[in-house]
Structures are given as C-alpha cells and as structure tokens.
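Reader: Before I look at the structure, I would like to know how each label in your description is justified. Please give the value and the rule behind it each time.

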4 protein chains.
Amino acid sequence: MEPPDIVRSAYAELIVTDLDRARWFWVDVLGLAVTEEEPEALYLRGYDELTHHNLILRNGSAPAAARLAFRVRADEDLARAEQFYATTRRVPKGTTKGIGEAVRVADPLGFTVEFFAAADHPDRLQQRYDVRKGAEIARLDHFNIVVPDVRKAYDYYTELGFGLSETIEDDQTLYAAWMYRKQTVHDVAFTGGDGPRLHHLGFFTHESQQVLRVCDILGSLHEERHIERGPGRHGVSNAMYVYLRDPDGHRLEIYTSDYYTGDPDHPTLRWDVHDPRRRDFWGNQIVPSWYTEATMVLDPDGAPQKLIKHQQTPEKTVGADGFSR
Amino acid sequence: MEPPDIVRSAYAELIVTDLDRARWFWVDVLGLAVTEEEPEALYLRGYDELTHHNLILRNGSAPAAARLAFRVRADEDLARAEQFYATTRRVPKGTTKGIGEAVRVADPLGFTVEFFAAADHPDRLQQRYDVRKGAEIARLDHFNIVVPDVRKAYDYYTELGFGLSETIEDDQTLYAAWMYRKQTVHDVAFTGGDGPRLHHLGFFTHESQQVLRVCDILGSLHEERHIERGPGRHGVSNAMYVYLRDPDGHRLEIYTSDYYTGDPDHPTLRWDVHDPRRRDFWGNQIVPSWYTEATMVLDPDGAPQKLIKHQQTPEKTVGADGFSR
Amino acid sequence: MEPPDIVRSAYAELIVTDLDRARWFWVDVLGLAVTEEEPEALYLRGYDELTHHNLILRNGSAPAAARLAFRVRADEDLARAEQFYATTRRVPKGTTKGIGEAVRVADPLGFTVEFFAAADHPDRLQQRYDVRKGAEIARLDHFNIVVPDVRKAYDYYTELGFGLSETIEDDQTLYAAWMYRKQTVHDVAFTGGDGPRLHHLGFFTHESQQVLRVCDILGSLHEERHIERGPGRHGVSNAMYVYLRDPDGHRLEIYTSDYYTGDPDHPTLRWDVHDPRRRDFWGNQIVPSWYTEATMVLDPDGAPQKLIKHQQTPEKTVGADGFSR
Amino acid sequence: MEPPDIVRSAYAELIVTDLDRARWFWVDVLGLAVTEEEPEALYLRGYDELTHHNLILRNGSAPAAARLAFRVRADEDLARAEQFYATTRRVPKGTTKGIGEAVRVADPLGFTVEFFAAADHPDRLQQRYDVRKGAEIARLDHFNIVVPDVRKAYDYYTELGFGLSETIEDDQTLYAAWMYRKQTVHDVAFTGGDGPRLHHLGFFTHESQQVLRVCDILGSLHEERHIERGPGRHGVSNAMYVYLRDPDGHRLEIYTSDYYTGDPDHPTLRWDVHDPRRRDFWGNQIVPSWYTEATMVLDPDGAPQKLIKHQQTPEKTVGADGFSR
C-alpha cells in the first residue's frame with residue numbers, strides 16, 4: 001500500500017493547563033509569533049514559517065499532546081492515508097484553524113497523527129528583525145517520541161518513506177533513531193521508554209547565539225528551572241541544542257546547525273551507545289529526567305493513551321553520558 | 001518530455017591558470033578539504049559534503065568555468081537527460097574522479113552542464129572541528145549564472161522542474177531570479193548581462209561568524225583585494241554573504257542562513273528592483289564590478305563560448321543599490 | 001600644572017530637533033535604556049553602565065553637540081580642572097540630572113568639556129537579558145572629534161595624561177590618533193577636518209552579532225539610510241564596527257572587541273596612511289560623507305562654535321581606502 | 001606600608017609532568033602562541049598579549065603551580081614589595097625569560113607570588129587571524145585560588161589595593177570574592193577549600209563562539225574528558241565560560257564578556273549563596289570536582305606547600321547549584 005507522501009513535520013497541538021502561563025512562556029519568553037488566538041487556544045509559528053502555525057496551545061485539564069501533524073504533498077495523499085491506516089477520520093477544512101481538509105489517524109505506535117495538504121499563508125516575518133525576540137525560533141524542525149520498541153517505530157516510519165540519518169545502537173539493540181522526509185537530519189526521532197509519549201518538539205533557529213540567548217533570558221527572569229539540559233552540541237545531528245520545559249512540563253528543544261540529507265543515497269551515521277559524545281558531543285552528563293520524563297499523548301477521541309512498558313534495555317543504563325569522568 | 005529529476009547543484013569545474021596559487025586560495029585560506037589531487041587538478045569539498053567533491057580546480061591557459069554539475073536522483077535520469085537535450089554526450093564512470101556515469105549537455109543557455117547519479121563517499125568531516133579552518137565551508141549551495149535574457153533562463157529552468165523562490169523585477173522586466181531543487185532558496189540564480197558566463201559559486205557555512213572570519217583572514221594576509229563585496233545581509237534570500245574573487249578572478253560567495261523552501265506551494269517573494277534592500281538589506285552600495293565581471297564558460301569541447309549581448313535594461317541602471325543616500 | 005585625573009569618557013549631550021523622533025532611534029531601535037526623562041530631554045545609558053547616563057538628548061533648534069563629559073577620579077580634580085583651563089565654570093550638583101558638582105570648560109580645541117567626579121547609580125541592567133533589544137549597547141566607549149590640526153589635539157590630550165594607542169600617519173603628517181585613559185583603545189580619537197566638530201560617539205557592545213543585528217533591524221524598518229558605513233572590521237583598534245546616523249545626522253558607532261591597553265609601557269601601533277586596511281581591515285571603501293560630515297559643537301554658552309579650516313592634507317586624498325582595487 | 005602598585009595578573013608558571021603532552025593541549029588544541037621554548041619549558045601567550053608570556057609550562061615530577069606573577073607599575077614597586085612582605089627574594093632580569101628584574105615573595109596565603117615591572121614585547125598577533133586556532137585566547141585574565149579562609153584572603157588583597165567587584169555570601173560567611181586591579185571583574189578570585197591551591201587560570205577570549213569552539217574541537221578529538229564544567233554563563237561576572245582540565249589536571253577557564261570596573265566608586269555586586277544562578281546563570285549543576293579539586297602550589301624554594309584545612313562551611317553544601325530542580 002502506498003503511504004501518503006509526507007513533506008515534513010508541520011505542527012503539534014499541546015494541551016496546557018493555564019493558557020496565560022503558557023503564553024508567557026511560548027510567546028513572551030521564547031518569542032513565537034501569534035498567528036491567531038481564541039479564548040482557549042493560541043496558534044503560534046516561527047519567523048520563517050510560511051504556513052499558519054507550528055504549534056497549537058489549547059487549554060485543558062491535564063498536560064498532553066493531542067496530535068502531531070505532517071504536511072503531505074497533495075490532496076490525494078489524504079486518500080492514501082485513509083487506505084494506509086486502520087483507524088482514520090477525515091476532518092473538513094478549518095477544523096483546525098488555518099489548515100485544509102485533513103485525515104487524522106491512530107498510528108501503530110499509539111500516536112494521534114494528522115495529515116493535511118493545504119494551509120493558509122500568514123504574513124512573512126523572516127525579515128522582521130524588528131519584532132524578533134527570545135529564541136528567535138525560525139520553524140518547527142522535528143518531533144521526538146518515546147516508544148517502548150524503537151525498532152518497531154523505525155520499521156513503521158521506514159514503511160512511511162522516511163530516510164534514516166543517524167542511530168544509537170549496539171550489536172543487539174537499536175536505542176534511538178533519527179528519520180527524515182525534509183532534507184534535514186530528522187522530522188521524527190525515537191527515544192526508548194514507556195510509550196507512546198511525546199519526548200519533545202524541536203524548533204530550529206539560525207545560529208548558536210539564539211540557543212545561548214534564551215538561557216540568558218530565563219536566567220534574567222529567575223526562571224532558569226525551565227532549562228533542563230544543555231546548552232550543548234549533539235553528537236547525533238551535530239546540532240547545537242538546549243532542552244527547555246514549559247510550565248506544564250512539555251519539553252522543547254532549541255536546535256540549530258544540522259545538515260543537508262537530501263541526496264538519495266544519504267549515508268546513515270551509526271553511533272555506538274557507549275560513545276559518551278553521542279548525546280552530548282562535549283561529554284556532558286545527561287540529566288536523568290531527560291531520559292524518563294515525557295508528555296502523555298491523547299488518542300483521536302481525546303482520551304489519554306495507555307502506556308506500554310519499555311521493552312528493551314534503557315539507553316541510560318548502557319550509554320556513558322559523561323558519567324565516565 | 002520528462003526532464004531528469006535533479007536533486008541539487010553538486011559541483012563545478014573551474015579552469016585556473018596557476019594551480020599552486022589557486023590551492024593557496026581555496027585550500028589554505030578558504031579551508032576547503034582536499035579529497036584527491038592530481039598534478040593538474042584538485043578535488044575539493046566542504047566539511048558537510050558527503051560526496052567526492054564540490055569543486056574541481058584544473059590548470060589551464062585561461063580562467064574559465066568548464067562545467068556545472070547537477071546530481072540527479074537515479075540512473076534513468078541520465079537517459080532522460082539524453083532525451084531532454086539536443087546535444088549530449090555520455091561519459092563513463094570515473095571520467096570525472098569520484099563521479100559515476102554521467103551525461104554532459106550543452107544547455108539552451110550556452111552552459112556545459114553535467115548530470116550524474118552516483119558518486120563516491122569520502123570520509124565524513126562534519127565533526128572534525130579539529131581540522132576546520134578558513135571560512136569553514138560546509139557544502140556547495142548554488143550556481144549563479146549571467147544570462148542575456150533572464151526570463152528565458154527562468155522558463156528553461158522551470159521546464160527542468162525548478163521552483164522559484166525569489167525575483168527582482170518591475171512591471172516590464174525580470175531582472176534576476178532564484179530557483180531551487182533542494183529545499184533551500186536556490187540551486188541556480190540568474191544575473192542579467194552578457195552571457196553565458198558564470199557569475200559565482202555559492203558556498204554554504206553554518207553561521208555568520210564564518211563570513212566575517214574569512215574577511216579577517218584575508219585582511220591579516222594583506223590579501224583584502226580578494227574581498228569584492230560585503231559582508232552584508234541579502235534582501236533576497238535573507239542570507240549573510242560576502243563575495244570573494246580568487247586569484248583568477250573567479251567569484252565565490254560565502255553564504256549562510258537562508259531558509260526552507262520544501263513545501264509544495266512555497267510562495268515566491270518578489271522584490272521591486274527599486275528597493276535598495278533587495279541586493280543588500282542594509283542598503284550598502286554594490287561595487288560596479290559585481291554587476292559587470294564574470295567568468296567565461298567553455299562549451300562541451302572545451303572551447304570558450306561566445307557571448308550574447310545583454311538583451312534587457314541592466315539592473316544596475318535601474319536599481320537603487322545604496323546610491324540613494 | 002597638574003591636569004584633572006580623568007577616568008574615562010562618560011557622556012555627551014546632543015541637541016536634537018525632534019525628541020520623539022530621536023527617542024524612536026536611540027531607544028526603540030538602538031535599545032538604549034532610559035534612566036530618566038523630561039519633556040525636553042532624555043537621559044540614556046547602556047546595559048552595563050552603572051552611572052546615570054551615557055547620553056543626553058535635548059530638544060533644540062539645530063543639531064549640535066552641547067558638551068562632552070569626562071568622569072574624573074575625585075572632587076579635587078574639579079579644582080585641578082579650574083586651574084588647568086583658562087575659561088571654566090563650576091556648576092552645582094544636579095545641574096545635570098544624576099551628575100554631581102562639575103566644572104565646564106572651553107578646551108583649547110574649541111569643545112565644551114565637562115568634568116565631574118560623582119554620579120548617581122541607577123539599577124544594574126547587565127543581566128536583564130529579558131529587556132535587551134536593538135544593538136544591546138553596553139556603555140559609551142569613546143568620543144571621536146574633528147579637529148583642523150591633529151597634532152595639536154594629540155599634544156593637548158597628551159598633556160591631559162592620555163595614552164596613545166594607535167595612529168594613522170606618514171612621514172610628514174599625523175592624520176588621526178587614538179588616545180585613552182581607561183584601559184581600552186580610546187576615550188577620544190581625532191579625525192582631521194574643519195573643526196571643532198563631533199565626528200561620532202562610540203558605543204561598546206559585547207559581540208559582533210550585535211553590530212550585525214542593528215543593521216538587520218534598520219533594514220527591516222526600511223530605515224537602512226541610517227547605516228552610513230560598515231559593518232566592518234577596523235584596522236585601527238581591531239574592533240568590529242558599524243557607523244549609523246541618527247535622524248538629525250549625529251553619527252554613532254557600534255563598536256566591539258578592541259583590546260586591553262592598561263600596561264604602563266603599552267606600545268603604540270602606527271598605521272601607514274597608505275595601508276587600505278587602516279580604516280577597514282577588509283579594504284572596503286569609506287563613503288565620502290564619513291570623512292566630511294560631522295556635528296557642530298556649542299560653546300559653554302550654547303552658541304555654535306566657529307569652524308577653523310582643516311590645516312593639513314585630508315586623509316581621504318592620501319589614504320587608499322579600498323579605491324586601489 | 002605602601003603596597004606595590006599592581007597593574008594586573010600577568011602570568012603563571014605551571015609544572016607539568018609531560019611537556020609534549022602539555023604542548024599538545026595548550027598549543028595544538030587551545031592555540032596559545034609559543035613565544036619561546038626550551039627543552040624543559042614553554043613560554044606561551046594569547047593573541048592580544050603584548051608582553052613575553054601569560055603562561056610558563058615547565059617539566060617536573062609532579063603537577064604544581066610554581067608561582068603567580070603580577071605586573072607592577074614601575075621599578076620602585078619592587079622595593080615596595082620587599083618592604084611589604086616578610087619573606088622576599090629579588091631575582092635579576094632574565095631569571096624568567098622575557099621578564100625584567102623581579103621580586104618573589106611568600107604571600108600570607110601561602111602562594112609564591114612574583115612582582116615585575118619590565119617585560120619584553122614580542123610580535124603583535126592581534127590581527128593575525130590567519131594563525132589563530134583553538135580557543136583563540138586573547139590574554140590571561142585572572143587567577144582563581146583556593147583558600148581555607150576567604151575573608152582573610154579578601155582582607156589581604158584589599159590591603160594590596162584590589163577592588164571588590166562581586167561576592168558570594170550569606171549573613172555569616174564570605175564564600176567567594178572577585179577582586180581587580182585592571183578594569184575588569186577580576187585579577188584574582190577566591191574559592192573556599194583546603195589551601196593554598198590554585199583553582200584555575202582564567203583566559204580571556206573575545207566572543208562566546210570561542211568558548212563553544214574549543215569544546216567542539218575536544219569532542220572531535222574524543223578528548224572531551226578535558227571539559228569539566230560548562231559551557232555556561234556565570235551569574236558572577238556575567239561572563240560566558242567553560243572550565244577545562246589539562247593533561248595534568250590543571251584547571252583553566254575560557255572566559256569572555258565580563259564588564260568594565262574602572263570607576264573609582266565601582267559598586268560591588270553581592271550574590272546570595274542560595275541563588276542557584278550565582279555560579280551558573282542558567283542554573284546548571286556544578287560538578288563536584290569543580291569544588292574539590294585544585295592544583296598544589298610550591299613555596300619559593302620549589303617545595304610543595306602544606307595544606308591548611310578549609311575553615312568555613314563549604315559553599316557546595318550551602319549553595320543550590322542547580323540541585324533544586
């Protein structure tokens with residue numbers, strides 16, 4: 001069965017428990033642009049994003065990831081999605097503000113995923129340096145999801161047509177994998193653990209200075225507890241990064257300077273799980289919460305997905321992660 | 001007729017008149033990595049490049065651009081190229097070191113263009129920060145070519161399947177256009193003038209600091225005459241740039257921080273030729289040589305191509321380019 | 001006669017013809033912090049400045065520099081100033097908001113100069129990254145003044161106890177000189193021309209990115225005409241720079257990364273006027289206005305100072321300034 | 001008794017157990033320039049340093065800090081040093097290569113300290129961007145020493161004429177202090193612990209990118225174990241930093257973007273020991289080794305100094321240091 005032709009990771013909807021507080025974090029501090037707002041939801045985008053949003057924040061009773069959305073190439077890919085998945089629901093244009101007709105599915109990993117082909121184009125902000133602030137986020141870059149069986153996730157996304165840029169592995173186990181449709185290191189990556197959960201949303205910025213700046217701002221506000229891990233340089237992807245936690249504990253990554261993966265024979269880079277540089281190229285320790293905490297996901301009806309226990313050796317018990325010093 | 005499925009601009013071959021002097025410039029100063037060398041040629045790549053080379057420098061009697069090469073998706077695209085073009089020549093694997101079987105054509109604009117699907121993979125240098133130097137070039141980004149009729153070039157590349165990211169125009173005239181296959185602002189751009197000539201090769205770096213650094217190095221060596229224009233921020237593409245001239249006068253651009261263009265409905269950004277920010281977002285003057293000087297190109301037999309006179313109003317006589325101050 | 005013990009260049013008062021427009025430029029765009037405001041004046045400082053202000057903008061009928069102020073070590077230096085200068089006036093504490101008792105003088109070069117020992121300390125903003133914007137100016141760095149006779153200015157400031165960090169010269173002529181009290185390249189520099197006039201105020205930032213950013217912001221606002229020269233790297237001082245013009249034509253420099261000059265035997269660096277790197281290390285052309293335009297200065301009574309004609313060969317007719325290409 | 005008029009921290013001599021390995025680290029990786037070398041010693045400086053050296057590495061049997069050297073204003077300060085200290089030794093010009101006549105003392109804290117007024121001037125490297133590499137160190141910035149009684153160290157350095165820029169304290173205890181002669185945050189700082197020991201040498205670079213780059217290089221070489229703490233932003237000093245350990249365990253800091261302290265009434269910034277931002281403005285954990293490990297110091301005769309036990313509550317048991325998350 002031919003899968004839908006996915007263009008890229010496009011947006012996520014996060015449930016937050018205090019929209020005002022979430023707005024403070026995502027808009028005032030991080031600097032995402034507000035495309036549209038409703039009493040119970042915000043539609044946000046990065047400065048380079050030319051579609052309606054990269055992130056929806058919606059008020060709810062418990063923190064969760066409602067869905068992950070991929071843009072597909074054309075309308076016929078919606079029909080392909082309906083054939084490819086067992087459980088699907090077609091939602092009309094505008095069900096999500098700024099987004100055309102879409103198909104929502106329960107994917108085999110337990111995530112609610114949306115495919116859409118059309119989206120509204122808001123004003124270009126790329127060259128509005130006068131309004132930039134915070135982390136100066138350019139666009140959504142990727143989803144990182146927690147799955148109990150990384151190989152199963154890899155197989156599923158391979159079937160969906162994703163390429164494999166990098167892995168963390170040893171002879172027995174695939175601990176993590178980075179897979180792409182657009183020509184970057186990834187649109188989706190897998191972290192092993194109880195799942196399905198959302199590990200983090202990755203947002204792209206143009207330069208390392210913006211990774212540092214958002215930390216400086218959080219320190220200035222004495223809100224440095226929102227900085228969970230980093231800044232650092234990844235081994236995997238070679239990107240500069242910092243991981244932040246929003247007021248509901250949702251994790252995001254500010255991510256910059258990965259590389260082009262568009263060649264048809266793009267070679268996979270395989271990291272040994274024992275290499276302490278794989279997660280932090282400078283060998284810095286990974287805080288334990290980064291491996292264990294993640295965001296609950298909702299099924300297509302909005303109910304929390306049940307967790308399946310992690311089915312392989314945890315990477316953090318195998319990988320060195322700076323503890324070798 | 002279906003065109004070859006072009007993946008990206010891949011490499012160029014430049015004829016230089018003193019290979020030692022060219023090596024000094026491209027390798028010692030700019031820091032391109034040497035994949036392979038022969039008595040009369042150097043094969044160079046950026047640190048992120050995962051194929052054999054981005055640039056061949058070959059000793060010859062007069063400065064010229066011997067050919068521009070695009071990577072195509074698969075072997076069958078070589079046959080497509082043979083059907084698409086009037087004049088073609090298939091060259092066996094290894095005719096160009098590190099490159100598989102290829103088809104060379106005389107394109108309708110007068111350039112010698114090569115298409116190839118396979119290439120050797122050299123060592124990854126992406127994370128060899130210990131050997132980086134100079135401008136720390138990551139990869140080739142684009143070709144900028146001088147053509148007497150920009151609209152004709154635009155039409156031809158549209159037929160080849162290129163998308164249009166940005167233009168400089170007014171009601172009557174298309175002065176310049178930026179077109180892409182990979183998901184960046186361009187693989188090829190057109191500058192109006194006597195053509196066919198090669199205006200410049202664009203090389204990508206990851207951060208603005210590298211644009212500044214290469215200038216500092218040239219100043220240190222009292223070789224600042226190699227800096228022709230910039231550093232600056234482009235209006236078109238939003239990239240930071242500097243234009244350099246090599247010892248033979250070949251122009252290159254160090255280019256960083258443009259944007260993703262991979263969405264199927266990516267909107268074109270059209271700049272008014274009268275906007276002084278279009279070529280330099282800071283309104284700095286464009287030195288006249290940048291508009292008028294360029295590299296002669298060779299036909300598939302290695303003979304210099306005859307120039308066709310510029311057939312439209314020169315942009316420099318229309319555009320403001322900082323002279324409005 | 002012992003001169004006052006000058007600590008550093010401290011602040012300037014500029015007369016502007018439209019305070020709202022000046023506020024837009026200096027506060028909204030450049031990002032200087034407002035310490036205090038009055039209907040007809042603004043008191044501004046950089047984020048690192050720990051005294052009341054680095055700049056006073058005052059409404060007036062014609063653009064001018066009302067005075068340049070140096071901080072001195074102690075109260076007794078006010079008496080020393082009174083003895084050192086022919087024409088002096090003691091003004092009580094608070095005559096200038098935030099500034100203690102002061103002595104104002106007409107200096108031998110025709111500038112109105114103020115000396116003060118005490119100043120109010122406003123809130124520290126150094127680690128308020130959350131409020132930074134624009135060029136993120138840290139502090140005032142230096143005054144650059146236009147004088148008809150550079151050697152006379154050099155002699156006078158030598159007598160005042162300033163050290164000489166760099167010069168532009170040839171066998172006959174001293175074209176420019178950089179002199180310091182604090183441990184940086186300069187507190188004052190001299191440009192040859194009709195004088196006395198104020199050439200520019202130099203403001204320090206911490207990194208090169210801030211020099212680039214202010215240009216990006218001006219481009220975004222289509223106010224790029226305020227960018228006069230640069231960005232570039234100076235030969236003299238090794239600093240990254242850009243020169244801007246405010247709405248009244250007052251020139252300022254955003255300046256970063258010069259060097260320590262605090263050793264008692266700090267050696268002077270002498271640049272040959274023919275070295276095209278002296279003013280721009282990358283050999284870029286200097287726009288003619290940079291050499292010829294400057295701000296009128298007021299005498300201690302607030303009347304415009306008469307200009308004395310330039311008394312030596314203009315540097316711009318001798319120096320190469322990129323025109324050698 | 002008038003103390004010697006100290007200009008700044010100038011150089012240190014470290015004993016290393018394998019000079020080749022030390023050269024690899026300090027010269028090949030960090031990029032310090034070699035002013036002079038002997039079979040058993042290297043004399044190194046930063047690119048901005050205009051005197052002979054900032055660091056001597058000397059082969060020996062056990063890692064140690066042989067002495068810390070301050071430059072003084074004039075020859076008469078050598079005599080002042082002889083009067084100020086109980087135990088002194090005058091050493092003739094050239095005893096240390098490149099350094100004039102000097103006085104070496106055993107200071108009240110147990111360190112061997114040298115005062116000198118004259119030094120040789122090597123070639124200027126400030127604008128030799130063509131030879132820069134590694135961390136592109138500009139100059140020595142400060143000494144950080146471990147002392148059992150921080151207040152005693154503060155009192156002694158106050159008597160020596162040092163200013164106090166910042167502290168870490170609570171109502172009972174002074175945990176750490178930063179003191180300066182040159183116009184930066186410090187020439188010397190105190191860390192509480194068993195002492196006398198050398199905590200680290202601080203080296204200044206011009207931009208944050210250089211802090212990141214040296215880490216990237218160490219990762220590239222799989223020598224990331226030399227990175228002990230950071231990169232990060234200090235609360236105290238507001239500087240970007242990373243702490244490295246050389247092959248003998250000597251600690252150094254790459255340090256950039258602190259601030260001007262030259263005003264006579266420069267106000268002290270006092271950090272509460274409970275503020276988790278004081279040591280890392282982003283709230284990142286401080287690795288325990290950073291608080292406990294340091295370099296043994298030698299007495300003027302070259303014998304190891306005996307340690308005095310820490311005489312106050314350790315800061316690490318009081319301060320939050322990111323453990324509050």
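Author: The model is predicted. Chain B and chain A bury about 3,200 Å² between them, and 44% of that area comes from carbon and sulfur atoms. In chain B, the residues that lose the most area to chain A are R124(B), Q127(B) and Y260(B), together 19% of what that side buries.

Reader: How do you know which residues of chain B are in contact with chain A?

Author: Contact means heavy atoms within 4.5 Å. By that cut-off, 39 residues of chain B are in contact with 39 residues of chain A.

Reader: What makes D263(A) and R8(B) a salt bridge?

Author: The rule asks for a side-chain nitrogen of Lys or Arg within 4 Å of a carboxyl oxygen of Asp or Glu. The closest N and O atoms of D263(A) and R8(B) are 2.8 Å apart, so the pair qualifies. The count between chain B and chain A is six salt bridges. Across the interface of chain B and chain A there are also 25 residue pairs in polar contact, with both residues at pLDDT 80 or more.

Reader: Which strands of chain B each supply at least two residues of the side that touches chain A?

Author: Strand 1 (6–16), strand 5 (64–72) and strand 17 (269–272) of chain B do. By class, the side of chain B that touches chain A divides into twelve nonpolar, 14 polar and 13 charged residues.

Reader: Why is the pair D263(B) and R71(A) said to join two chains?

Author: The closest N and O atoms of D263(B) and R71(A) are 2.6 Å apart, which is within 4 Å, so the pair is a salt bridge. D263(B) sits in the loop between strand 16 (251–256) and strand 17 of chain B, whereas R71(A) belongs to strand 5 (residues 64–72) of chain A, so the pair joins two chains. Over all chains, the count comes to 140 salt bridges by this rule.

Reader: Why is the relation of chain B to chain A called a two-fold axis?

Author: Chain B superposes on chain A after a rotation of 180 degrees with 0.0 Å of shift along the axis, and the RMSD is 0.0 Å. That is the relation of a two-fold axis. Among the residues of chain B, E207(B) comes closest to the rotation axis, with its C-alpha at 3.0 Å. The same surface serves both copies, since 100% of the contact residues of chain B recur in chain A.

Reader: How do you know that the copies chain C and chain A meet through the same surface?

Author: Of the interface residues of chain C, 100% are also interface residues in chain A, so the two copies use the same surface. A turn of 180 degrees and a shift of 0.0 Å along the axis lay chain C on chain A with an RMSD of 0.0 Å.

Reader: What is the area buried between chain C and chain A, and which residues of chain C supply 48% of that side?

Author: The buried area is about 1,100 Å², 47% of it on carbon and sulfur atoms. Y129(C), R213(C) and S220(C) supply 48% of the area that chain C buries against chain A, more than any other three residues. The contact takes 13 residues from each of the two, chain C and chain A.

Reader: What makes E136(A) and R213(C) a salt bridge?

Author: Their side chains come to 2.7 Å, N to O, which is within 4 Å, so the rule is met. The rule finds two salt bridges across the interface of chain C and chain A. It also gives six residue pairs in polar contact there, both residues being at pLDDT 80 or more. The side of chain C that touches chain A has three nonpolar, four polar and six charged residues.

Reader: Why is chain A called as compact as a globular protein of its length?

Author: Chain A has six helices and 18 strands. The radius of gyration of chain A is 18 Å, close to the 20 Å that the globule rule gives for 325 residues, so the description holds. Along the principal axes, the C-alpha atoms of chain A fill a box of roughly 55 × 50 × 40 Å.

Reader: What is the omega of the cis peptide bond that joins G230(B) and P231(B)?

Author: Omega is about 5 degrees for that bond, and P231(B) lies in strand 14 (residues 227–233) of chain B. The peptide bond from G195(C) to P196(C) is also cis, with omega near 5 degrees. P196(C) is in the loop between strand 12 (188–192) and strand 13 (197–204) of chain C.

Reader: Why is a positive phi worth a remark?

Author: Most residues other than glycine have a negative phi. H222(B) is not a glycine, yet its phi is positive, about 55 degrees. H222(B) is placed in the loop between helix 4 (208–220) and strand 14 of chain B.

Definitions and conventions. Residues numbered from 1 in each chain as written. Chains lettered and ligands numbered in written order. Predicted model: local features only at pLDDT ≥ 70, side-chain atom pairs only at ≥ 80, totals over all residues. Heavy atoms only, no water. Buried area = accessible area lost by both parts, 1.4 Å probe. Polar contact = N/O pair within 3.5 Å; in protein donor to acceptor, adjacent residues only side chain to side chain. Helix = DSSP H or I, 4+ residues; strand = E, 2+ residues; numbered from the N terminus. Nonpolar A, V, L, I, M, F, W, Y, C, P; charged D, E, K, R; others polar. Least-squares fit on C-alpha atoms with pLDDT ≥ 70 in both. Rg over C-alpha atoms; globule rule 2.2 N^0.38 Å.
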